[in-house]
Amino acid sequence: GRPVPIRRPAGASGVFALALLFAAAARAADPVPEGVVDQSFALPSGERVLQMTTLVEAPVAAAWAALTTDAGFQAWAVPLARIDLRVGGSIESSYDAKIHLGSGKTIRNEIVALVPERLLVIRNVQAPQGVPFDVATFQQTQTAMLFEPLDATRSRITLLSGRFPEGARYDGVYSFFFAGNAYTLGELRRHLAQRSSAGVTAEDA
């Protein structure tokens, strides 16, 4: 069946990296917010791929900036972020504004691959203490973000995470990020809609 909503872990603060990768999942009241579509599937081997997608009212450049620039990410996801946008670079963030970037207490995702305004692939290499899933198992997975321009004012954003073989440790990671990825897309969709209504452009990110 569908994973149940996950309660907020002790010590978590703030809202969504990814993906809102940690605190976001814990805050999700509904595993799949309005406007987000669950397209997750299983391979013939039984391994699972987590896939969520949403349509945003923003050009692809604005969606890309919201996830790949310090200011763009901090505008909706986390109070602190530092992004080194290159293969081998990283996205470092914290939901706690009191924690210093580079302190070892942040979330840090390595950038595995990127194609500007089309694809971003990340893998976690550092997670804060106290998260309610097995970190070593999570770090064996990757998350891909696909950016598809639909027209001058709309884009489709898709998050894919995997792979998730059978087993309790993978089940725990899958359930947590089922809620987390869905919440992330819901928050991104809402943020970009607000920017569009206010007439903010990608250059203003």
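## Strand β9 and its partners

A hairpin of 5 residues joins β8 to β9, in a structure that is a predicted model. Strand β8, which covers residues 142-149, pairs with β9 in the antiparallel sense over 8 bridges, and one of the pairings sets Q142 opposite G162 as its bridge partner in β9. Strand β3, covering residues 48-56, also pairs with β9 in the antiparallel sense, again over 8 bridges, and here M52 has L159 as its bridge partner in β9.

The G162 that partners Q142 also takes part in an unusual backbone feature, since the peptide bond from G162 to R163 is cis, with omega near 0 degrees. R163 itself lies in strand β9. Most peptide bonds are trans, and most residues other than glycine have a negative phi.

## A positive phi between β6 and β7

The second part of that general pattern has its own exception in this model, at E117, where phi is near 65 degrees and therefore positive in a residue other than glycine. E117 lies in the loop between β6 (107-115) and β7, and with a relative accessible area of 30% the residue is partly exposed.

## Aromatic pairs

A pair of aromatic rings is described by the distance of the centres and the angle of the planes. The model holds 9 aromatic pairs. In the pair formed by F133 and F176, the ring centres are 4.9 Å apart and the planes stand at 50 degrees, so the arrangement is tilted, an angle between the cut-offs of 30 and 60 degrees. F133 lies in the loop between β7 (119-126) and α4 (135-138), whereas F176 belongs to helix α5 (residues 168-198), so the pair ties together parts that are 43 residues apart in sequence. F133 counts as buried because its relative accessibility is 9%, and F176 counts as buried because its relative accessibility is 3%, the cut-off for burial being under 20%. Both residues belong to a wider group, as ring pairs link F133, F138, F176 and F177 into a cluster.

A further pair brings together F164 and Y174, whose ring centres are 5.2 Å apart and whose planes stand at 90 degrees, so the pair is edge-to-face. F164 lies in strand β9 (residues 155-164) and Y174 in helix α5, so that this pair links distant parts of the chain, 10 residues apart. Both F164 and Y174 are buried. Y174 has a charged neighbour as well, for R48 lies over the face of its ring, at 5.1 Å from the ring centre.

## Helix α5 and its end

Helix α5, which supplies F176 and Y174 to the pairs described above, has 31 residues and reaches 45 Å from its first C-alpha to its last, close to the 45 Å expected at 1.5 Å a residue. The helix is followed by G199, whose phi is positive, near 80 degrees.

## Helix α2 and T68

Of the 9 residues of α2, 8 are buried, so the helix is largely enclosed by the rest of the structure. The buried residues are V60, A62, A63, W64, A65, A66, L67 and T68.

T68 lies in helix α2, which covers residues 60-68, and at 4% relative accessibility T68 counts as buried. The side chain of T68 reaches the backbone oxygen of W64 at 2.6 Å. An α-helix has 3.6 residues a turn, so residues three or four places apart point the same way. When residues up to four places away in sequence are left out of account, T68 touches I83, L85 and L120.

## I111 in strand β6

I111 is placed in strand β6 and is buried, with a relative accessible area of 1%. Although I111 and G88 are 23 residues apart in sequence, their C-alpha atoms are 5.4 Å apart in space.

Leaving aside neighbours within four places in sequence, I111 is in contact with D84, L85, R86, V87, G88, G89, S90 and I91, and also with L120, V121 and I122. Two of these contacts, L85 and L120, are also touched by T68 of helix α2.

Methods. Residues are numbered from 1 along each chain as its sequence is written. This is a predicted model: local features need pLDDT of at least 70, side-chain atom pairs count only at pLDDT 80 or more; totals for chains, interfaces and linings use all residues. Side-chain values use heavy atoms; hydrogens and water are left out. Rings of Phe, Tyr and Trp (its six-membered ring) pair if their centres lie within 6.5 Å; planes under 30 degrees apart count as stacked, over 60 as edge-to-face and the rest as tilted. Helices (H or I, at least four residues) and strands (E, at least two) are DSSP runs, numbered from the N terminus. Buried means under 20% relative accessible area, exposed over 50%, partly exposed in between (1.4 Å probe, protein chains only). A charge sits over a ring if NZ of Lys or CZ of Arg is within 6 Å of the ring centre and within 35 degrees of the ring normal. A polar contact is a pair of N or O atoms within 3.5 Å; within protein, one must be able to donate a hydrogen and the other to accept it, and residues adjacent in sequence count only if both atoms are side-chain atoms. Contact means heavy atoms within 4.5 Å. The expected span of a helix is 1.5 Å times one less than its number of residues. Two strands pair if DSSP finds at least two bridges between them.
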